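Me: Please take a close look at one part of this model and work outward from there. I would like a plain account of what surrounds it, with distances where they exist.

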Amino acid sequence: MPELPEVEVTRRQLEPLVVGRRIARVFTTRPSYFFLTPPAALRRSLPGRRVEALERVGKYLVARLDSGERLLLHLGMTGQIFGAGIPGVRLLSSSAGASLTPEEQQQAFRPDRHTHLRLRFDDRGPDLFFRDARKFGKVQLMRPGEPSPRLERLGPDALTARGKHILEGARTRRAPIKSLLLDQSLLAGVGNIYADEALFLARVRPTRPGRRVSRDECNRLASAIRRVLRRSIATGGSSISDYVQPDGGAGAYQDERRVYGREGEACPRCRATIRRKVIGQRSAHYCPRCQK
DNA sequence: AGACTAACCTGAAAGC
DNA sequence: TGCTTTCAGGTTAGTC
């Protein structure tokens with residue numbers, strides 16, 4: 001679900017909510033695929049730590065703690081992070097949307113069986129909730145100075161990457177360019193929606209082998225990726241099924257999609273019918289006429 | 001190295 | 001109505 005824009009919107013809303021606060025207590029669900037660090041260790045280690053910064057690396061959120069530790073969070077496909085008790089907050093859980101009454105808010109924020117992590121702070125302010133129905137999300141606590149293979153694997157951040165970064169990665173590869181754009185070690189932050197949208201803007205067909213994408217096209221792709229990601233951040237991200245902002249609001253970028261999820265509809269540029277094709281186990285959406 | 005598959009989970013929507 | 005199938009914004013381990 002969440003790609004770079006959704007993670008960045010989450011980071012921006014969460015930052016003022018958590019930075020400077022000291023964790024008092026931690027609630028978790030049972031050990032599972034979701035916890036890279038055992039939940040018992042989180043409950044034991046986190047209390048007493050103060051959050052000093054909240055950063056984003058690709059699709060990861062990284063909370064820096066005053067102990068020198070780092071708490072890594074990944075939203076996976078259905079992850080949702082939100083605060084409770086924030087005045088004026090709306091809910092962020094599924095299909096969220098508009099305004100909820102205070103009662104509905106309480107309902108919405110009540111932890112359920114999918115709320116795997118809950119942080120309580122020593123100032124008695126709002127708790128932080130991390131829920132994830134499918135558990136593809138991740139939580140990991142890194143000790144001071146401990147290297148993180150997950151973060152070190154990542155390529156340049158997609159928000160600032162240039163055409164040459166794509167060209168370097170694509171030049172020798174036979175895989176479809178769409179698959180390469182999804183490869184986080186090549187470019188960090190692009191996911192299925194924005195890969196399709198950027199390929200459309202750059203007029204490059206997703207099936208094209210990487211080695212056959214020209215320098216000019218790589219420049220167009222990098223430019224399209226930056227543009228699409230920036231615009232999505234500005235509109236609050238894409239809320240298509242699960243994604244909600246930490247204040248419960250929904251993003252609006254889904255209304256600006258040109259091809260993603262629009263199989264059978266008319267291409268906004270040439271009116272040809274948008275096609276869907278499975279590439280690397282993910283659906284790709286493209287215009288068969290204007291994407292060469 | 002790189003390309004491809006299966007697997008990790010749950011829930012909503014579509015199909016019959 | 002109810003059962004079955006399909007699909008989903010992600011990543012990783014294993015295989016050739």
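Reply:
**From a helix to the DNA and the ring pairs**

In this predicted model, helix H5 spans residues 163-170, and its buried residues are Gly 163, Ile 166, Leu 167, Gly 169 and Ala 170. The cover over the buried residues of H5 includes two other helices, H6 (177-182) and H8 (215-234).

Next, the DNA. Arg 173, Arg 174 and Ala 175 are among the residues around DNA strand B. A polar atom in the side chain of Arg 173 is 2.6 Å from a phosphate oxygen of the strand. Arg 174 approaches with its backbone: an N or O atom there lies 2.6 Å from a phosphate oxygen of DNA strand B.

The list of residues around the strand also includes Tyr 33, Arg 113, His 114 and Gln 281, together with Ala 133, Arg 134, Lys 135 and Phe 136. Of the strand atoms that come within 4 Å of the protein, 53% belong to sugar and phosphate. A base is also reached: the side chain of Arg 134 has an N or O atom 2.8 Å from a base oxygen of DNA strand B. Sorted by class, the protein surface near the strand consists of 5 charged, 4 nonpolar and 2 polar residues.

Now the aromatic side chains. The structure contains 4 aromatic pairs. One of them joins Phe 34 to Phe 130 in an edge-to-face arrangement, with 5.1 Å between the ring centres and 70° between the planes. Phe 34 sits in the loop between strand S1 (23-28) and helix H2 (39-45), while Phe 130 belongs to strand S7 (residues 128-132), so this pair ties together parts that are 96 residues apart in sequence. Phe 34 has a relative accessible area of 0% and is therefore buried. Phe 130 is at 3% relative accessibility, so this residue counts as buried too.

Another pair is formed by Phe 82 and Phe 129, which is stacked because the planes are at 20°, with the ring centres 5.7 Å apart. Phe 82 is in strand S5 (residues 79-83) and Phe 129 in strand S7, so parts that are 47 residues apart in sequence are tied together by this pair. Both Phe 82 and Phe 129 are buried. Ring pairs also bring Phe 35 into a cluster with Phe 34 and Phe 130.

Phe 130 has a further neighbour. His 74, in strand S4 (residues 70-74), touches Phe 130 as well as Lys 59, Tyr 60, Gly 137 and Lys 138, leaving aside residues up to four places away in sequence. Its relative accessibility is 16%, so His 74 counts as buried. A polar atom of the His 74 side chain lies 2.9 Å from the backbone nitrogen of Gly 76. Val 62 is 12 residues from His 74 along the chain, and their C-alpha atoms are 8.9 Å apart.

Finally, charged side chains over rings. Arg 269 has its charged end over the ring of Phe 200, at 4.3 Å from the centre. Arg 118 lies over the face of Phe 27, with 5.5 Å to the ring centre.

Key:
Residues are numbered from 1 along each chain as its sequence is written. Chains are lettered from A and ligands numbered from 1 in the order in which they are written. This is a predicted model: local features need pLDDT of at least 70, side-chain atom pairs count only at pLDDT 80 or more; totals for chains, interfaces and linings use all residues. Side-chain values use heavy atoms; hydrogens and water are left out. A residue is near a molecule or strand if one of its heavy atoms lies within 4 Å of it. A polar contact is a pair of N or O atoms within 3.5 Å; within protein, one must be able to donate a hydrogen and the other to accept it, and residues adjacent in sequence count only if both atoms are side-chain atoms. Ala, Val, Leu, Ile, Met, Phe, Trp, Tyr, Cys and Pro count as nonpolar, Asp, Glu, Lys and Arg as charged, and the others, Gly among them, as polar. Rings of Phe, Tyr and Trp (its six-membered ring) pair if their centres lie within 6.5 Å; planes under 30 degrees apart count as stacked, over 60 as edge-to-face and the rest as tilted. Helices (H or I, at least four residues) and strands (E, at least two) are DSSP runs, numbered from the N terminus. Buried means under 20% relative accessible area, exposed over 50%, partly exposed in between (1.4 Å probe, protein chains only). A charge sits over a ring if NZ of Lys or CZ of Arg is within 6 Å of the ring centre and within 35 degrees of the ring normal. Contact means heavy atoms within 4.5 Å.
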